[in-house]
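This report describes the structure displayed below, proceeding from overall composition to individual residues.

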There are 2 protein chains.
Amino acid sequence: MARSPKNSNNNNDKRRATSYDVARIAGVSQSAVSRVFKPGASASAEMRKRVLDAAEEVGYRPNAIARGLITQRSNMVGVILSKLTNLYYPEVLVELTRRFSQRGVRVLLFALETEGDTDEILEQVLQYQVDGVVTAAMLTHKQLALFEKAGIPVIFYNRTLGELPVNSVRCDQEEGERWLVSELAASGHRRFSIISGPEDSPVSKERTTGAIEKLHELGINDVTVVVGDYGYESGRRGFREIVTQLGSPPNAVIAANDVMAIGCIDEARQGFGLQVPGDLSVVGFDGVGPASYAAYDLTTVRQPVRRMTEAAVSMLLERIEDHHLSPEKRVFSGVRVPGSSAQVSHGD
Amino acid sequence: MARSPKNSNNNNDKRRATSYDVARIAGVSQSAVSRVFKPGASASAEMRKRVLDAAEEVGYRPNAIARGLITQRSNMVGVILSKLTNLYYPEVLVELTRRFSQRGVRVLLFALETEGDTDEILEQVLQYQVDGVVTAAMLTHKQLALFEKAGIPVIFYNRTLGELPVNSVRCDQEEGERWLVSELAASGHRRFSIISGPEDSPVSKERTTGAIEKLHELGINDVTVVVGDYGYESGRRGFREIVTQLGSPPNAVIAANDVMAIGCIDEARQGFGLQVPGDLSVVGFDGVGPASYAAYDLTTVRQPVRRMTEAAVSMLLERIEDHHLSPEKRVFSGVRVPGSSAQVSHGD
């Protein structure tokens with residue numbers, strides 16, 4: 001149960017070294033030890049050296065967590081992610097972790113298998129007394145209320161919660177899709193199909209709805225929609241389903257993310273002998289690494305991950321400092337990336 | 001500084017609710033509150049209801065971290081990663097997080113910008129009093145000694161530390177490269193080039209050394225080596241450098257990871273009009289998602305991520321339970337993936 005350092009000549013007992021052990025070995029008071037380890041507190045150079053040498057000897061570390069119990073800060077934030085296997089989200093996690101680290105805040109990670117798992121881990125997030133939460137998974141009103149009651153600010157990442165005044169950072173999925181549809185329609189495409197993401201994905205819903213509404217505005221009402229799971233194989237399968245439903249290939253496929261767009265292109269080329277973009281235009285969304293590989297060179301909308309994660313981090317830290325800040329929604333336009341996967345008439 | 005729940009009608013003061021608040025509202029003793037929240041401790045059904053209702057009212061959560069101070073367990077493990085932007089490592093992180101979560105253990109994430117950053121964050125890992133560490137970043141002997149002194153078991157992931165008896169889980173990089181070289185040589189390739197990873201990457205060093213040694217054994221001593229950074233663009237640049245150095249394209253390129261192999265293929269096709277595998281064979285390592293995209297269909301060696309992460313998790317948890325377990329090294333063979341990016345004569 002208790003800890004037992006191995007290969008340590010100086011510390012043969014089985015418990016963690018405490019400030020008391022350090023004080024005893026250094027021959028100073030416990031409060032002197034505290035002063036040495038407390039940021040900003042004063043201690044003479046000699047005292048500092050004696051204490052640090054003793055701490056080194058017994059393997060003592062000032063306990064950041066115990067300190068958190070006193071300051072009521074754990075200096076940890078929870079990051080709740082789902083569908084991490086989507087190629088896109090790892091980038092978000094890396095950027096969030098970097099930015100929190102730069103500010104001395106640690107990331108405690110909660111990865112959901114699906115968006116529905118939230119209840120199961122929510123209790124744990126609360127128990128770890130994180131200072132705040134960034135969630136890229138959906139929360140219910142009731143779940144959000146639990147965080148509010150516990151005094152833990154929450155930032156929704158690419159999620160919102162109906163009409164509630166929550167804090168959120170997101171990419172304008174709808175605007176991006178409307179641009180993609182406009183470009184394709186302007187260059188003469190008329191037979192459109194859509195490969196959506198999973199039905200429980202709010203991001204996919206926003207993207208798919210954005211595309212369909214713009215198509216309707218342009219008088220294009222007959223749109224085939226098939227459902228994918230954001231993965232490569234589902235892009236390939238989605239294209240086969242579209243061709244089966246239509247009886248022949250469409251002019252343009254709008255995939256709800258880049259990875260499915262890539263699968264769709266491979267299936268069109270390999271399974272149907274089609275030229276992309278000669279016979280078929282395919283567009284994605286996200287701007288993941290593989291989107292720019294020469295074999296695909298996707299026309300897509302890139303989420304400005306750096307700016308979005310920076311916004312999420314600074315919004316959360318502000319709210320940890322001051323719980324009374326009013327909620328804020330920040331919506332970032334995606335970066336338009338015209339590639340060669342779609343035939344579009346630029347500059348018209 | 002202190003917490004202030006918003007939208008809470010029941011709790012208008014600014015600090016976190018404590019067990020004292022719950023006891024006051026429930027009209028019971030503080031130790032009764034503790035018993036209700038302590039796993040395994042006894043409390044009557046009526047007591048439980050009174051306490052839980054009061055806890056709900058004031059937004060009290062039993063503090064997992066405070067409990068950790070008593071049990072000397074934080075139920076958190078540190079995961080140290082570097083070069084996260086390599087497409088490969090996010091998969092490792094997802095798998096590690098899932099497996100620890102399934103066992104009720106939380107992951108505190110430390111992401112290094114480079115392998116050299118370790119010192120800077122090591123102190124923080126120690127201060128958070130994690131129960132153990134999985135590191136996919138290099139540690140020095142001195143750094144490892146600090147963990148040992150603090151009684152924190154460490155599992156090296158795809159890393160070792162010289163001759164020291166440390167715990168490690170890794171993929172047999174050398175074996176994988178020797179297989180790739182054998183396959184290529186058996187089908188007549190003679191002009192080999194290598195695109196290595198960053199010079200400070202131990203994994204790249206093992207892979208590159210493994211390939212070169214096998215080539216030497218086969219009497220192939222004239223091998224051009226250029227240095228990449230594991231990224232797509234460095235694969236493209238690497239191929240251009242190879243052609244410049246050789247004066248003409250090689251027969252075969254061994255890239256130290258899949259992403260650079262993909263870059264190399266795109267550059268060979270787009271920049272030099274070469275057929276892959278007709279004119280040039282390219283092999284990678286890792287088995288990342290894009291390796292199996294139809295445009296590349298890489299011949300590669302897939303790291304068995306699920307088995308490796310499962311091994312790392314179970315080894316670490318065993319050592320948290322019992323610090324006296326002797327060190328263990330587990331080496332997993334990679335999965336051989338024959339693709340169409342290399343001309344090899346199967347079944348000879």
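## Composition and confidence

The secondary structure of chain A consists of 12 helices and 12 strands. The model is a predicted one, and the predictor assigns the complex an ipTM of 0.76 and a pTM of 0.79. Of the 348 residues in chain A, 51% are buried. Among the contacts of chain A with a separation of 6 or more, 66% join residues that are 24 or more positions apart.

The mean pLDDT of chain A is 84, and 84% of its residues score at least 70. Among the elements of this chain, the lowest mean pLDDT, 56, belongs to helix α4 (residues 64-71), and the highest, 98, to strand β8. The pLDDT is below 50 over residues 1-14 of chain A; in the model this stretch nevertheless has 32 contacts beyond near neighbours in sequence.

## The four-stranded open sheet of chain A

Four strands of chain A form an open sheet in the order β7-β6-β8-β9, with parallel pairing. Its edges are β7 (224-227) and β9 (281-283), each of which pairs on one side only. On average, and with direction ignored, neighbouring strands of this sheet are turned by 15° against each other.

Strand β6 (residues 192-196) of chain A is joined to β7(A) by 4 bridges, and the two run parallel. Within β7(A), Val226(A) is the residue opposite Ile195(A). Helix α9 (residues 202-217) of chain A lies across β6, β7 and β8 (252-255), and its direction makes an angle of about 170° with β6(A).

## Strands β3, β4 and β5 of chain A

Strand β4(A) pairs with β3(A) in the parallel sense over 3 bridges. Ile155(A) in β4(A) stands opposite Val134(A). From β3(A) the chain passes through α7(A) to β4(A), and this β-α-β crossover is right-handed. Strand β4(A) also pairs with β5(A), again in the parallel sense and over 3 bridges; here Phe156(A) has Ser168(A) as its bridge partner in β5(A).

The side chains of β4(A) are directed to two sides: Val154(A) and Phe156(A) point one way, Ile155(A) and Tyr157(A) point the other way, and all are buried. The loop between β3 (132-135) and α7 (141-149) of chain A contains Ala137(A). This residue is classed as buried because 23 other C-beta atoms lie within 10 Å, where the cut-off is 20 or more. Ala137(A) is separated from Phe192(A) by 55 residues in sequence and by 30 Å in space, C-alpha to C-alpha.

## Nonpolar cores

In soluble globular proteins, nonpolar side chains tend to be buried together. The largest nonpolar core in this model has 87 residues, and those with the most contacts inside it are Val77, Val79 and Ala312 of chain A together with Val77, Val79 and Ala312 of chain B. Leaving aside residues up to four places away in sequence, Ala312(B) touches Leu96(B), Val134(B), Ile155(B), Tyr157(B) and Val169(B).

Another core, of 78 residues, lies apart from the largest one; Ile265(A), Ile242(B), Ile265(B) and Val282(B) are among its members.

## Backbone exceptions

Most residues other than glycine have a negative phi, and most peptide bonds are trans. In chain A, the peptide bond from Val276(A) to Pro277(A) is cis, with omega near 15°. Pro277(A) is situated in the loop between α11 (258-272) and β9 of chain A. In chain B, the bond from Val276(B) to Pro277(B) is cis, with omega near 15°, and Pro277(B) occupies the loop between α11 (258-272) and β9 (281-283) of chain B.

Asn158(A) is not a glycine, yet its phi is positive, at about 55°. Its place is the loop between β4 (154-157) and β5 (167-171) of chain A. Asn158(A) counts as buried because it has 22 C-beta neighbours inside 10 Å. Asp297(B), although not a glycine, likewise has a positive phi, of about 45°. It belongs to the loop between β9 and β10 (300-302) of chain B. Asp297(B) is buried because 20 other C-beta atoms lie within 10 Å.

Technical notes. Residues numbered from 1 in each chain as written. Chains lettered and ligands numbered in written order. Predicted model: local features only at pLDDT ≥ 70, side-chain atom pairs only at ≥ 80, totals over all residues. Pairing = 2+ DSSP bridges. Axes fitted to C-alpha atoms, helices over the stretch in contact; angles between N-to-C directions. Contact = placed C-beta atoms within 7 Å. pLDDT = per-residue confidence, 0-100. Buried ≥ 20, exposed ≤ 12 C-beta atoms within 10 Å, placed from the backbone. Core = buried A, V, L, I, M, F, W, Y, C linked by C-beta atoms within 7 Å. Right-handed = clockwise from strand over helix to strand, strands pointing away.
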